[in-house]
Amino acid sequence: MSSDFTAARLNMVESQIRTADVTDLPLQDALRVVAREALVPAGKGYLAYADADVEYAPGRWLLRPREVGKLLQHLRPREGDKALAIAAPYAAAVLEKMGLQVTRLDGDDLAAVSGANYDVIICEGAVPRAPASWTKALAQGGRLGVIERDGPVGRAVIYVKAEDGVGRRAVFDATPPMLAGFPIERGFAF
């Protein structure tokens, strides 16, 4: 069965990752070898490389391969960077394969970040808006990648910490499931 997963992994990179303009070669190399099937529940390995969000624990999902690939490329991870993976076991494994020092946050309170000065922070679930604790944990020049969603379609956004504050830019549309514990705050708008 492992050879079937190897072929599925290569097919994922060629048909879902590269076709989505993910051109970072070290990232592609890591995506070709990290076993997504090891991160899903027993008996669900066949879903690991599908163009789908796969639930790996109650209320937690792996992002679609295209979305995690694009998000990681926009974060520009490099060997030696310090990273935080929030509810992101696949992204954490890919970053580790690329030579980053990765801290994983996958407990009940995902807004409670331990540590600081992260060069890269990634979350594999959607939230209405990135908590301030996540942007505060960034190092100078650090990047946070998350999908913000308060309706049917979300936007993958990159936050960058600079000397004068934190900037934010949207990079692509995505629709992963919402993470529990991040309620949408409704307000009045015209």
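R9 and E37 form a salt bridge in which the closest N and O atoms are 3.2 Å apart. Since R9 belongs to helix α1 (residues 2-17) and E37 to the loop between α2 and β1 (54-57), the pair ties together parts that are 28 residues apart in sequence. The structure, which is a predicted model, holds 13 salt bridges. Side chains of opposite charge can pair when their charged atoms come close.

The next element to consider is the open sheet, whose six strands follow the order β4-β3-β5-β6-β7-β8 with mixed pairing. Its edges are formed by β4 (101-105) and β8 (165-174), each of which pairs on one side only, and neighbouring strands are turned against each other by 15° on average when direction is ignored. At the β8 edge, strand β7 (residues 154-162) pairs with β8 in the antiparallel sense over nine bridges, and within this part of the sheet I158 stands opposite R169 in β8.

Two helices can be described by their relation to this sheet. Helix α3 (residues 65-75) packs on the sheet and touches β5 (118-127), β6 (138-148), β7 and β8, with a direction that makes about 150° with that of β8. Helix α4, in turn, lies across β3 (82-86), β4 and β5, and runs at about 170° to β4.

Helix α4 (residues 89-97) also meets helix α2 (residues 25-33), the two axes coming within 9 Å and crossing at roughly 120°. The helices α2 and α4 are therefore oblique to each other, and their crossing is right-handed. On the α2 side the contact involves L27, A30, L31 and V33, which meet Y90, V94 and K97 in α4; the residues of this contact divide into six nonpolar, no polar and one charged.

Apart from the strands of the open sheet, β1 and strand β2 (residues 60-62) pair in the antiparallel sense over three bridges, and E55 has W61 in β2 as its bridge partner. The hairpin of β1 and β2 has two residues between the strands, and in this hairpin G59 takes a positive phi near 80°.

The angles between element directions are collected below.

| Elements | Angle |
|---|---|
| α2 and α4 | roughly 120° |
| α3 and β8 | about 150° |
| α4 and β4 | about 170° |

Definitions and conventions
Residues are numbered from 1 along each chain as its sequence is written. This is a predicted model: local features need pLDDT of at least 70, side-chain atom pairs count only at pLDDT 80 or more; totals for chains, interfaces and linings use all residues. Side-chain values use heavy atoms; hydrogens and water are left out. Axes are lines fitted to C-alpha atoms, for helices over the stretch in contact, and angles run from 0 to 180 degrees between N-to-C directions. Helices (H or I, at least four residues) and strands (E, at least two) are DSSP runs, numbered from the N terminus. Angles under 35 degrees count as roughly parallel, over 145 as roughly antiparallel, 65 to 115 as roughly perpendicular and the rest as oblique. A crossing is left-handed if the near helix is turned anticlockwise from the far one by less than a right angle, and right-handed if clockwise. Contact means heavy atoms within 4.5 Å. Ala, Val, Leu, Ile, Met, Phe, Trp, Tyr, Cys and Pro count as nonpolar, Asp, Glu, Lys and Arg as charged, and the others, Gly among them, as polar. Two strands pair if DSSP finds at least two bridges between them. A salt bridge is a side-chain nitrogen of Lys or Arg within 4 Å of a carboxyl oxygen of Asp or Glu.
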